[in-house]
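The following note sets out points on the fold, the packing and the ligand shell. Please read it alongside the model.

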Amino acid sequence: MLIKSLRSLFALMVLVFGLGLASTSAMAAAEQSSSQQATAQTSEADLWRAVKAGESGSTTAKGVERGVLINVVGEQGREVRNKYMTPVMAIAVVGVFVAFLLFYFVNGPSRLSKGFSGKMVFRWSKADLIIHWCVAISCLTLIFTGLNIMLGKHVLQPYVGGDIWAALIYGSKTIHDWVGPFFIVAWAVLVIKWLPDQMLKSYDFKWFLTVGGYFNIGPLKGKHPDSGFANAGEKMWFWTLAIFGLFIAISGVMMVLPNLDLPREASMAALLVHGVSATLIIAFTIVHIWMATALSEGGMECMVSGYCDENWAMQHHNLWYDEIKANGTLKYRED
Ligand code: HEM
């Protein structure tokens, strides 16, 4: 009887001990797996943090940046474009336009002080007219389509239907891509052909001091500063177009040719350079068109017929007029 009781007690002890052991090892195993899980989770989080920060690894893929899953430069560039470039461009377009409109209403146009003489002096050849209008028309097309690409989603998209917006933005992008090369060729011809007349001379600085003599009010009223074939304002316009046109051309080619397979940094730099250069050229284009069409009486005729009124030549480009008169190259239109 005693032996039987001792045997049952021993069996019970074995059972309790066994159970205890099993539960301890189960707990240890559970602990281990949860710590493994935590480590795995941390390393996974670290991995994605690194990926999001633009960390590179290695893959078997070919091409540039093959080891980069997420390129942060693209996102940074997008932010700079949306946060800074778009509003600056909008302010530049509206600001310059409104500033000139106000100036025009307060100051009025720059009239010919002696009126029109009726005698027309040769100024631009047929080739010059063709090249000017090729640059002007292609540039204006690029400006309107480019502005739609940059600002359209804020000023047009909310007011037109989805289908119209899709057609507008697709059309703008396609036209922008195809007119670009035409502009580059025309721009290059214009810059090379017109460069000799655009060198800065000492009298050009005096032109700036009197703001070109376009003021009809205040102390600068009636001042007609010296000017050669191109005045200082036109030279500034020419050089802005020459320098930023080059930036626009290079950055445009970089963006429009995917086969160049450029690193993202280069593509984003191209996008930003393109936007900043375009903003400057757009602002200057608005000024140029205001001057040519509204501000300078008799100025528009130059780019329509290639001839200017003799009084216009004497008032706005006196040194050029004196020079062609002196060297015998002055040529009047034969009507
Ligand atoms: C409706 C648009 C435009 C009009 C009415 C216009 C008119 C004119 C006129 C009248 C001249 C001759 C000025 C002179 O003989 O002294 C001129 C010159 C010139 N234009 Fe335009 N233009 C226009 C657009 C453009 C555009 C978009 C560009 C370039 C992107 C441009 C570039 C030039 C340049 C470089 C000159 C020579 C420098 C100067 O005289 O200012 N034009 N334009």
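How do the residues of the shell around the ligand divide into nonpolar, polar and charged?

1. The shell holds 13 nonpolar, 5 polar and 2 charged residues. Here Ala, Val, Leu, Ile, Met, Phe, Trp, Tyr, Cys and Pro count as nonpolar, Asp, Glu, Lys and Arg as charged, and the others, Gly among them, as polar.

2. This is a predicted model, in which local features need pLDDT of at least 70 and side-chain atom pairs count only at pLDDT 80 or more, while totals for chains, interfaces and linings use all residues. Residues are numbered from 1 along each chain as its sequence is written.

3. The protein comprises 10 helices and 2 strands (DSSP runs numbered from the N terminus, with helices being H or I of at least four residues and strands E of at least two). From the N terminus, their order is α-α-β-α-α-α-α-α-α-β-α-α.

4. Of the 335 residues, 18% count as buried (20 or more other C-beta atoms within 10 Å of the residue's own, with C-beta atoms placed from the backbone). Among contacts (C-beta atoms, placed from the backbone, within 7 Å) with a separation of 6 or more, 72% join residues 24 or more positions apart.

5. Among the 20 residues around the ligand (C-beta atom, placed from the backbone, within 6 Å of it), Ala-136, Cys-139, Glu-234, Ala-292 and Cys-302 come nearest. Two or more shell residues are given by each of α3 (126-155), α6, α7 and α8 (300-305).

6. Helix α6 (residues 232-256) has 25 residues and spans 35 Å from first to last C-alpha, close to the expected 36 Å (1.5 Å times one less than the number of residues). Its buried residues include Glu-234, Leu-241, Gly-245 and Ile-248. The cover over the buried residues of α6 includes α4 (162-194), α5 (202-209) and α7 (264-295).

7. Helix α7, with 32 residues, reaches 45 Å, close to the 46 Å expected. Among its buried residues are His-274, Gly-275, Ala-278 and Ile-281; the buried residues of α7 pack against α2 (72-107), α3 and α6.

8. The largest nonpolar core (buried Ala, Val, Leu, Ile, Met, Phe, Trp, Tyr and Cys residues joined through C-beta atoms within 7 Å) has 9 residues, including Met-120, Cys-302, Trp-312 and Trp-320. Elements giving two or more residues to this core are β1 (120-122), α9 (310-316) and α10 (318-326). Its largest share, 3 residues, comes from α9. A second, separate core of 7 residues includes Val-135, Cys-139, Phe-183 and Leu-190.

Key. A residue is buried if 20 or more other C-beta atoms lie within 10 Å of its own, exposed if 12 or fewer, and partly exposed in between; C-beta atoms are placed from the backbone. Two residues are in contact if their C-beta atoms, placed from the backbone, lie within 7 Å.
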